[in-house]
Amino acid sequence: MSDYVKFLRDTSPYINAHRGKTFVLAISGEGIAHANFTNIVHDIALLHSLGIRLVLVHGARHQIEERLTNCAIEARFDQNTRITDSVTMACVKDAVGSARITIEAQLSTGAANSPMHGARIRVFGGNLITAKPLGVRDGIDFHHTGEVRRIDQKAIQKQLDDGALVLLSPIGYSPTGEPYNLNYEDIATQAAVSLGAEKLVMFSAENGLCDDQGNLIKMLSLNEVPQTLISQAENISLQRNLLACYQACENGVLRSHIISYADNGALLTELFTREGSGTLILKNGKEIIRQATIDDVGGLLELIEPLEQKGILVKRSRELLETEINRFMVMQHAEGTLVGCAALYPFSDGHSAELACVATHPDFQNRGFASRLLAQLETYASQKKIRQLFVLTTHASDWFKEKGFVDVTLEELPAERKSLYNFQRKSRIFCKNLL
(Lines give C-alpha, C1' and ligand atoms only; values in the text may rest on other atoms or scores of the structure.)
Protein backbone atom coordinates (compact mmCIF):
# COMPACT_ATOMS: atom_id res chain seq x y z
CA MET A 1 0.00 0.00 0.00
CA SER A 2 2.84 2.43 0.78
CA ASP A 3 4.25 1.96 -2.75
CA TYR A 4 0.82 2.74 -4.20
CA VAL A 5 0.50 5.91 -2.14
CA LYS A 6 4.03 6.99 -3.05
CA PHE A 7 3.31 6.41 -6.74
CA LEU A 8 0.22 8.64 -6.62
CA ARG A 9 2.11 11.36 -4.81
CA ASP A 10 5.04 11.16 -7.23
CA THR A 11 2.76 11.40 -10.27
CA SER A 12 0.64 14.31 -9.03
CA PRO A 13 3.05 17.02 -10.29
CA TYR A 14 2.87 15.51 -13.78
CA ILE A 15 -0.92 15.27 -13.62
CA ASN A 16 -1.13 18.94 -12.69
CA ALA A 17 1.32 19.90 -15.43
CA HIS A 18 -0.49 17.91 -18.17
CA ARG A 19 -4.09 18.85 -17.34
CA GLY A 20 -5.63 20.97 -20.10
CA LYS A 21 -2.72 20.39 -22.48
CA THR A 22 -3.09 18.97 -26.00
CA PHE A 23 -1.27 15.73 -26.80
CA VAL A 24 -1.15 14.14 -30.25
CA LEU A 25 -0.70 10.35 -30.09
CA ALA A 26 0.20 8.40 -33.23
CA ILE A 27 0.07 4.63 -33.59
CA SER A 28 0.73 2.40 -36.60
CA GLY A 29 -1.45 -0.36 -37.98
CA GLU A 30 0.99 -2.84 -36.44
CA GLY A 31 0.39 -1.22 -33.06
CA ILE A 32 -3.38 -1.53 -33.45
CA ALA A 33 -3.00 -5.23 -34.29
CA HIS A 34 -0.69 -5.90 -31.33
CA ALA A 35 -2.00 -7.74 -28.27
CA ASN A 36 -1.04 -4.76 -26.07
CA PHE A 37 -3.34 -2.34 -27.91
CA THR A 38 -6.16 -2.91 -25.42
CA ASN A 39 -3.85 -1.74 -22.63
CA ILE A 40 -2.92 1.33 -24.68
CA VAL A 41 -6.61 2.18 -25.02
CA HIS A 42 -7.01 1.85 -21.25
CA ASP A 43 -4.11 4.27 -20.76
CA ILE A 44 -5.57 6.69 -23.31
CA ALA A 45 -8.86 6.60 -21.37
CA LEU A 46 -6.95 7.43 -18.19
CA LEU A 47 -5.28 10.42 -19.85
CA HIS A 48 -8.68 11.62 -21.04
CA SER A 49 -10.12 11.32 -17.53
CA LEU A 50 -7.23 13.43 -16.19
CA GLY A 51 -8.27 16.35 -18.39
CA ILE A 52 -5.69 15.94 -21.17
CA ARG A 53 -6.94 16.95 -24.62
CA LEU A 54 -6.20 14.06 -26.99
CA VAL A 55 -5.85 13.69 -30.73
CA LEU A 56 -5.24 10.09 -31.80
CA VAL A 57 -3.76 9.50 -35.26
CA HIS A 58 -3.64 5.95 -36.61
CA GLY A 59 -1.97 4.19 -39.50
CA ALA A 60 -3.09 1.12 -41.42
CA ARG A 61 -0.08 -0.18 -43.39
CA HIS A 62 -0.31 -3.58 -41.73
CA GLN A 63 -4.01 -3.90 -42.50
CA ILE A 64 -3.51 -2.69 -46.09
CA GLU A 65 -0.82 -5.32 -46.70
CA GLU A 66 -3.13 -8.03 -45.38
CA ARG A 67 -5.90 -7.06 -47.77
CA LEU A 68 -3.59 -6.77 -50.74
CA THR A 69 -2.25 -10.25 -50.01
CA ASN A 70 -5.75 -11.70 -49.63
CA CYS A 71 -6.75 -10.15 -52.98
CA ALA A 72 -3.52 -11.31 -54.68
CA ILE A 73 -2.63 -7.69 -55.49
CA GLU A 74 1.03 -6.77 -55.66
CA ALA A 75 2.09 -3.93 -53.37
CA ARG A 76 4.13 -1.34 -55.24
CA PHE A 77 6.45 1.24 -53.72
CA ASP A 78 8.88 3.88 -54.89
CA GLN A 79 11.38 5.18 -52.32
CA ASN A 80 9.31 3.59 -49.53
CA THR A 81 6.14 5.41 -50.65
CA ARG A 82 3.15 3.32 -51.67
CA ILE A 83 1.83 3.68 -55.21
CA THR A 84 -1.94 3.69 -54.69
CA ASP A 85 -3.73 2.84 -57.93
CA SER A 86 -7.52 2.42 -58.05
CA VAL A 87 -7.45 -1.27 -57.11
CA THR A 88 -5.07 -0.62 -54.21
CA MET A 89 -7.16 2.33 -53.08
CA ALA A 90 -10.17 0.04 -52.63
CA CYS A 91 -8.07 -2.07 -50.22
CA VAL A 92 -6.86 1.09 -48.47
CA LYS A 93 -10.41 2.25 -47.82
CA ASP A 94 -11.36 -1.16 -46.46
CA ALA A 95 -8.26 -1.40 -44.24
CA VAL A 96 -8.50 2.14 -42.86
CA GLY A 97 -12.20 1.77 -42.15
CA SER A 98 -11.62 -1.52 -40.36
CA ALA A 99 -8.77 -0.08 -38.27
CA ARG A 100 -10.87 2.95 -37.36
CA ILE A 101 -13.81 0.79 -36.28
CA THR A 102 -11.48 -1.32 -34.13
CA ILE A 103 -10.23 1.82 -32.35
CA GLU A 104 -13.69 3.31 -31.88
CA ALA A 105 -15.02 0.01 -30.55
CA GLN A 106 -12.21 -0.22 -28.01
CA LEU A 107 -12.73 3.37 -26.90
CA SER A 108 -16.47 2.72 -26.51
CA THR A 109 -16.20 -0.17 -24.05
CA GLY A 110 -17.30 0.40 -20.49
CA ALA A 111 -17.84 -2.96 -18.87
CA ALA A 112 -18.03 -3.06 -15.10
CA ASN A 113 -14.82 -4.05 -13.32
CA SER A 114 -12.76 -2.93 -16.32
CA PRO A 115 -10.41 0.09 -16.62
CA MET A 116 -12.87 1.61 -19.12
CA HIS A 117 -15.84 1.54 -16.74
CA GLY A 118 -17.40 4.98 -16.60
CA ALA A 119 -15.00 6.48 -19.17
CA ARG A 120 -17.72 7.48 -21.67
CA ILE A 121 -15.26 8.78 -24.25
CA ARG A 122 -16.86 10.59 -27.15
CA VAL A 123 -14.83 10.01 -30.32
CA PHE A 124 -15.01 12.60 -33.08
CA GLY A 125 -13.69 12.26 -36.64
CA GLY A 126 -14.59 13.04 -40.21
CA ASN A 127 -13.30 15.09 -43.11
CA LEU A 128 -10.80 17.03 -41.03
CA ILE A 129 -7.85 16.61 -43.40
CA THR A 130 -7.63 18.34 -46.77
CA ALA A 131 -5.26 16.42 -49.06
CA LYS A 132 -3.57 16.91 -52.39
CA PRO A 133 -2.15 14.31 -54.77
CA LEU A 134 1.51 13.41 -54.64
CA GLY A 135 1.31 13.40 -58.44
CA VAL A 136 4.00 12.22 -60.82
CA ARG A 137 7.56 12.26 -59.48
CA ASP A 138 10.60 11.13 -61.44
CA GLY A 139 8.27 9.58 -63.96
CA ILE A 140 6.33 7.59 -61.33
CA ASP A 141 2.58 8.21 -61.06
CA PHE A 142 1.50 7.75 -57.44
CA HIS A 143 -2.21 7.90 -58.38
CA HIS A 144 -4.25 8.08 -55.13
CA THR A 145 -1.26 8.58 -52.83
CA GLY A 146 -1.43 12.07 -51.39
CA GLU A 147 -0.01 14.41 -48.81
CA VAL A 148 -1.53 16.70 -46.20
CA ARG A 149 -2.58 20.09 -47.49
CA ARG A 150 -4.39 21.39 -44.42
CA ILE A 151 -5.64 20.26 -41.01
CA ASP A 152 -9.02 21.69 -39.93
CA GLN A 153 -7.59 23.18 -36.78
CA LYS A 154 -10.71 25.13 -35.77
CA ALA A 155 -13.01 22.10 -35.98
CA ILE A 156 -10.58 19.96 -33.99
CA GLN A 157 -10.13 22.63 -31.31
CA LYS A 158 -13.90 22.96 -30.95
CA GLN A 159 -14.27 19.22 -30.37
CA LEU A 160 -11.40 19.19 -27.89
CA ASP A 161 -13.00 22.13 -26.07
CA ASP A 162 -16.21 20.08 -25.86
CA GLY A 163 -14.36 17.17 -24.25
CA ALA A 164 -14.18 14.83 -27.24
CA LEU A 165 -11.24 12.69 -28.30
CA VAL A 166 -10.42 13.43 -31.95
CA LEU A 167 -9.50 10.46 -34.15
CA LEU A 168 -7.65 11.11 -37.41
CA SER A 169 -7.35 8.37 -40.05
CA PRO A 170 -4.77 8.24 -42.88
CA ILE A 171 -7.18 9.29 -45.62
CA GLY A 172 -7.71 12.89 -46.71
CA TYR A 173 -9.97 14.50 -49.24
CA SER A 174 -9.29 17.01 -51.99
CA PRO A 175 -11.59 20.01 -52.58
CA THR A 176 -12.99 18.04 -55.55
CA GLY A 177 -13.97 15.14 -53.29
CA GLU A 178 -11.18 12.73 -54.21
CA PRO A 179 -9.89 10.54 -51.35
CA TYR A 180 -6.13 10.11 -50.96
CA ASN A 181 -3.99 7.62 -49.07
CA LEU A 182 -1.83 9.56 -46.59
CA ASN A 183 1.21 8.99 -44.41
CA TYR A 184 -0.06 8.84 -40.81
CA GLU A 185 3.26 10.14 -39.44
CA ASP A 186 2.87 13.26 -41.56
CA ILE A 187 -0.71 13.72 -40.30
CA ALA A 188 0.52 13.46 -36.72
CA THR A 189 3.23 16.07 -37.28
CA GLN A 190 0.92 18.49 -39.07
CA ALA A 191 -1.80 18.06 -36.43
CA ALA A 192 0.62 18.64 -33.55
CA VAL A 193 2.02 21.79 -35.18
CA SER A 194 -1.30 23.30 -36.27
CA LEU A 195 -2.89 22.66 -32.86
CA GLY A 196 0.09 24.00 -30.92
CA ALA A 197 0.26 20.67 -29.09
CA GLU A 198 2.34 20.32 -25.96
CA LYS A 199 3.50 16.85 -27.00
CA LEU A 200 3.66 14.48 -29.95
CA VAL A 201 3.92 10.83 -28.91
CA MET A 202 4.86 8.25 -31.54
CA PHE A 203 4.25 4.58 -30.73
CA SER A 204 6.95 2.35 -32.18
CA ALA A 205 7.83 -1.34 -32.28
CA GLU A 206 10.96 -0.40 -30.30
CA ASN A 207 11.21 1.20 -26.86
CA GLY A 208 12.87 4.19 -28.50
CA LEU A 209 16.23 4.95 -30.06
CA CYS A 210 19.36 3.09 -29.01
CA ASP A 211 23.06 3.92 -29.23
CA ASP A 212 25.73 1.73 -30.82
CA GLN A 213 25.90 -0.43 -27.68
CA GLY A 214 22.17 -1.04 -27.68
CA ASN A 215 21.47 1.27 -24.73
CA LEU A 216 18.25 3.28 -24.81
CA ILE A 217 18.81 6.95 -25.62
CA LYS A 218 16.64 8.79 -23.11
CA MET A 219 16.97 12.24 -24.62
CA LEU A 220 17.98 13.78 -27.94
CA SER A 221 18.71 17.41 -28.78
CA LEU A 222 17.44 18.68 -32.13
CA ASN A 223 20.88 19.02 -33.69
CA GLU A 224 21.64 15.39 -32.84
CA VAL A 225 18.61 14.17 -34.80
CA PRO A 226 19.90 14.55 -38.41
CA GLN A 227 22.84 12.23 -37.78
CA THR A 228 20.59 9.82 -35.88
CA LEU A 229 18.19 9.75 -38.83
CA ILE A 230 21.05 8.57 -41.02
CA SER A 231 21.94 5.84 -38.53
CA GLN A 232 18.34 4.56 -38.68
CA ALA A 233 18.38 4.04 -42.47
CA GLU A 234 17.79 0.29 -42.04
CA ASN A 235 14.74 0.80 -39.83
CA ILE A 236 12.32 2.79 -41.99
CA SER A 237 9.49 2.76 -39.45
CA LEU A 238 11.63 4.10 -36.61
CA GLN A 239 13.23 6.60 -38.97
CA ARG A 240 9.78 7.92 -39.93
CA ASN A 241 8.82 8.24 -36.27
CA LEU A 242 11.97 10.18 -35.49
CA LEU A 243 11.49 12.44 -38.51
CA ALA A 244 7.93 13.20 -37.39
CA CYS A 245 9.20 14.15 -33.92
CA TYR A 246 11.99 16.28 -35.37
CA GLN A 247 9.72 18.20 -37.73
CA ALA A 248 7.17 18.77 -34.96
CA CYS A 249 9.77 20.21 -32.58
CA GLU A 250 11.32 22.29 -35.35
CA ASN A 251 7.91 23.89 -35.86
CA GLY A 252 6.91 24.71 -32.31
CA VAL A 253 5.98 21.51 -30.45
CA LEU A 254 7.83 21.57 -27.12
CA ARG A 255 8.41 17.85 -26.67
CA SER A 256 8.13 14.74 -28.81
CA HIS A 257 8.44 11.14 -27.64
CA ILE A 258 9.07 7.73 -29.17
CA ILE A 259 7.76 4.86 -27.04
CA SER A 260 6.87 1.19 -27.49
CA TYR A 261 3.40 -0.04 -28.42
CA ALA A 262 4.40 -3.51 -27.16
CA ASP A 263 5.44 -2.45 -23.65
CA ASN A 264 2.48 -2.47 -21.26
CA GLY A 265 2.23 0.92 -19.55
CA ALA A 266 4.90 2.64 -21.68
CA LEU A 267 2.67 5.69 -22.25
CA LEU A 268 2.00 6.25 -18.55
CA THR A 269 5.62 5.62 -17.62
CA GLU A 270 6.83 8.13 -20.20
CA LEU A 271 4.40 10.85 -19.15
CA PHE A 272 4.20 10.39 -15.38
CA THR A 273 7.64 9.29 -14.19
CA ARG A 274 10.99 11.01 -14.10
CA GLU A 275 12.78 8.10 -15.78
CA GLY A 276 10.31 7.69 -18.66
CA SER A 277 10.21 4.66 -20.93
CA GLY A 278 11.34 5.87 -24.34
CA THR A 279 13.25 8.61 -26.15
CA LEU A 280 12.45 12.30 -25.63
CA ILE A 281 13.20 14.88 -28.35
CA LEU A 282 13.31 18.46 -27.06
CA LYS A 283 12.47 21.61 -29.01
CA ASN A 284 14.78 23.65 -26.79
CA GLY A 285 17.41 20.99 -27.13
CA LYS A 286 19.79 22.28 -29.79
CA GLU A 287 22.59 22.14 -27.22
CA ILE A 288 24.81 19.07 -27.37
CA ILE A 289 25.64 17.06 -24.23
CA ARG A 290 28.94 15.25 -24.65
CA GLN A 291 31.98 13.89 -22.85
CA ALA A 292 34.42 16.67 -21.99
CA THR A 293 37.84 16.74 -23.65
CA ILE A 294 41.12 18.42 -22.74
CA ASP A 295 40.18 21.27 -25.11
CA ASP A 296 37.25 22.13 -22.83
CA VAL A 297 39.36 22.97 -19.78
CA GLY A 298 39.46 26.70 -20.53
CA GLY A 299 35.71 26.85 -21.07
CA LEU A 300 35.07 24.86 -17.89
CA LEU A 301 37.18 27.27 -15.86
CA GLU A 302 35.19 30.23 -17.21
CA LEU A 303 31.98 28.40 -16.33
CA ILE A 304 32.80 27.39 -12.75
CA GLU A 305 35.09 30.19 -11.53
CA PRO A 306 32.21 32.64 -10.76
CA LEU A 307 30.53 29.92 -8.68
CA GLU A 308 33.81 29.12 -6.92
CA GLN A 309 34.24 32.79 -6.01
CA LYS A 310 30.77 32.78 -4.44
CA GLY A 311 31.61 29.65 -2.46
CA ILE A 312 28.96 27.59 -4.26
CA LEU A 313 31.55 25.21 -5.76
CA VAL A 314 34.84 23.95 -4.36
CA LYS A 315 37.76 25.54 -6.20
CA ARG A 316 39.43 23.40 -8.87
CA SER A 317 42.76 24.30 -10.45
CA ARG A 318 43.45 23.98 -14.17
CA GLU A 319 45.83 21.11 -13.40
CA LEU A 320 43.14 19.24 -11.45
CA LEU A 321 40.59 19.78 -14.23
CA GLU A 322 43.04 18.45 -16.80
CA THR A 323 43.62 15.37 -14.66
CA GLU A 324 39.89 14.75 -14.07
CA ILE A 325 38.53 15.87 -17.45
CA ASN A 326 37.22 12.37 -18.24
CA ARG A 327 34.85 12.71 -15.26
CA PHE A 328 33.02 15.66 -16.81
CA MET A 329 30.11 16.00 -19.18
CA VAL A 330 29.53 19.37 -20.80
CA MET A 331 26.63 21.01 -22.59
CA GLN A 332 27.71 22.94 -25.66
CA HIS A 333 25.56 25.63 -27.25
CA ALA A 334 25.06 25.63 -31.02
CA GLU A 335 27.57 28.47 -31.27
CA GLY A 336 30.23 26.45 -29.43
CA THR A 337 29.97 28.03 -25.97
CA LEU A 338 29.95 25.72 -22.97
CA VAL A 339 26.71 26.49 -21.13
CA GLY A 340 26.71 23.72 -18.51
CA CYS A 341 28.75 20.98 -16.91
CA ALA A 342 28.56 18.19 -14.35
CA ALA A 343 30.97 15.52 -13.15
CA LEU A 344 30.65 11.94 -11.95
CA TYR A 345 33.16 10.38 -9.54
CA PRO A 346 32.61 6.62 -9.02
CA PHE A 347 33.59 5.19 -5.64
CA SER A 348 35.73 2.09 -5.23
CA ASP A 349 32.76 -0.02 -4.10
CA GLY A 350 31.68 -0.14 -7.76
CA HIS A 351 28.01 0.64 -7.13
CA SER A 352 27.97 4.26 -5.91
CA ALA A 353 29.30 7.58 -7.16
CA GLU A 354 29.37 11.29 -6.37
CA LEU A 355 27.73 13.88 -8.58
CA ALA A 356 29.75 17.10 -8.46
CA CYS A 357 30.36 20.46 -10.10
CA VAL A 358 26.86 20.94 -11.53
CA ALA A 359 26.95 24.38 -13.12
CA THR A 360 25.02 26.42 -15.69
CA HIS A 361 26.18 29.59 -17.43
CA PRO A 362 24.32 32.57 -15.89
CA ASP A 363 23.04 33.66 -19.32
CA PHE A 364 21.39 30.27 -19.83
CA GLN A 365 19.79 29.57 -16.46
CA ASN A 366 16.15 28.53 -15.99
CA ARG A 367 16.12 26.65 -19.32
CA GLY A 368 16.30 23.15 -17.89
CA PHE A 369 19.97 22.67 -18.84
CA ALA A 370 21.01 21.37 -15.42
CA SER A 371 18.08 18.93 -15.44
CA ARG A 372 19.14 17.60 -18.83
CA LEU A 373 22.73 17.19 -17.68
CA LEU A 374 21.57 15.37 -14.58
CA ALA A 375 19.35 13.05 -16.63
CA GLN A 376 22.26 12.27 -18.97
CA LEU A 377 24.63 11.52 -16.09
CA GLU A 378 22.03 9.35 -14.37
CA THR A 379 21.59 7.34 -17.56
CA TYR A 380 25.36 7.00 -17.92
CA ALA A 381 25.70 5.97 -14.27
CA SER A 382 22.94 3.36 -14.61
CA GLN A 383 24.72 1.88 -17.62
CA LYS A 384 27.83 1.56 -15.45
CA LYS A 385 25.74 -0.40 -12.88
CA ILE A 386 25.94 2.45 -10.35
CA ARG A 387 22.99 2.13 -7.98
CA GLN A 388 23.46 5.13 -5.69
CA LEU A 389 24.29 8.71 -6.52
CA PHE A 390 25.53 11.04 -3.75
CA VAL A 391 25.80 14.83 -3.92
CA LEU A 392 27.11 17.41 -1.45
CA THR A 393 25.75 20.94 -1.72
CA THR A 394 25.57 24.18 0.23
CA HIS A 395 23.19 26.12 -2.04
CA ALA A 396 21.07 23.79 -4.17
CA SER A 397 19.28 21.57 -1.64
CA ASP A 398 15.78 22.29 -2.91
CA TRP A 399 16.73 21.64 -6.53
CA PHE A 400 18.24 18.26 -5.75
CA LYS A 401 15.19 17.34 -3.68
CA GLU A 402 13.00 18.16 -6.66
CA LYS A 403 15.11 15.75 -8.70
CA GLY A 404 14.47 12.86 -6.33
CA PHE A 405 17.45 13.12 -3.96
CA VAL A 406 16.88 12.62 -0.23
CA ASP A 407 18.80 13.79 2.84
CA VAL A 408 21.31 11.31 4.28
CA THR A 409 23.82 11.54 7.12
CA LEU A 410 27.59 11.72 6.94
CA GLU A 411 27.75 8.15 8.20
CA GLU A 412 25.96 6.97 5.05
CA LEU A 413 28.64 8.36 2.74
CA PRO A 414 31.15 5.79 1.43
CA ALA A 415 34.22 5.75 3.69
CA GLU A 416 36.61 7.16 1.09
CA ARG A 417 34.40 10.26 0.65
CA LYS A 418 33.52 10.58 4.32
CA SER A 419 37.20 11.00 5.21
CA LEU A 420 37.40 14.02 2.85
CA TYR A 421 34.29 15.78 4.18
CA ASN A 422 34.92 19.49 4.79
CA PHE A 423 33.32 20.39 8.13
CA GLN A 424 33.89 24.10 7.52
CA ARG A 425 31.65 24.11 4.41
CA LYS A 426 28.94 22.13 6.23
CA SER A 427 27.59 20.77 2.97
CA ARG A 428 24.30 18.90 3.11
CA ILE A 429 24.47 15.34 1.82
CA PHE A 430 21.87 13.85 -0.50
CA CYS A 431 21.46 10.46 -2.11
CA LYS A 432 19.38 9.03 -4.94
CA ASN A 433 18.83 5.36 -5.78
CA LEU A 434 19.11 4.73 -9.51
CA LEU A 435 18.33 1.03 -9.83
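**Entry 1: strand E21 and its partners**

I began with the pairing of strand E20 (residues 352-360) and found four bridges joining E20 to E21, with the two strands running parallel. I note that the model is predicted. For the register, I looked up Ser352 and found Gln388 of E21 opposite Ser352. Next I followed the chain between these strands. It leaves E20, passes through helix H13 (residues 369-383) and arrives at E21. I logged this β-α-β crossover as right-handed.

Then I checked for pairing with strand E23 (residues 428-433). Six bridges join E21 to E23, and here the strands run antiparallel. I picked Leu389 to fix the register; the bridge partner of Leu389 is Lys432 in E23.

Is strand E21 enclosed or open? I went through residues 388-393 and found five of the six buried, so E21 is largely enclosed by the rest of the structure. Buried here means under 20% relative accessible area.

**Entry 2: helices H3 and H5**

I turned to a helix pair. Two packed helices are described by the angle between their axes and the distance between the axes. I looked up both values for helix H3 (residues 37-49) and helix H5 (residues 86-108). Their axes come within 10 Å and cross at roughly 55°. That angle makes H3 oblique to H5. I recorded the crossing of H3 past H5 as right-handed.

Which residues meet across this pair? On the H3 side I listed Phe37, Thr38, Val41 and Ile44. They meet Ile103, Gln106 and Leu107 in H5.

Note on methods
Residues are numbered from 1 along each chain as its sequence is written. This is a predicted model: local features need pLDDT of at least 70, side-chain atom pairs count only at pLDDT 80 or more; totals for chains, interfaces and linings use all residues. Side-chain values use heavy atoms; hydrogens and water are left out. Buried means under 20% relative accessible area, exposed over 50%, partly exposed in between (1.4 Å probe, protein chains only). Two strands pair if DSSP finds at least two bridges between them. A crossover is right-handed if, with the strands pointing away from the viewer, the path from the first strand over the helix to the second runs clockwise. Axes are lines fitted to C-alpha atoms, for helices over the stretch in contact, and angles run from 0 to 180 degrees between N-to-C directions. Angles under 35 degrees count as roughly parallel, over 145 as roughly antiparallel, 65 to 115 as roughly perpendicular and the rest as oblique. A crossing is left-handed if the near helix is turned anticlockwise from the far one by less than a right angle, and right-handed if clockwise. Contact means heavy atoms within 4.5 Å.
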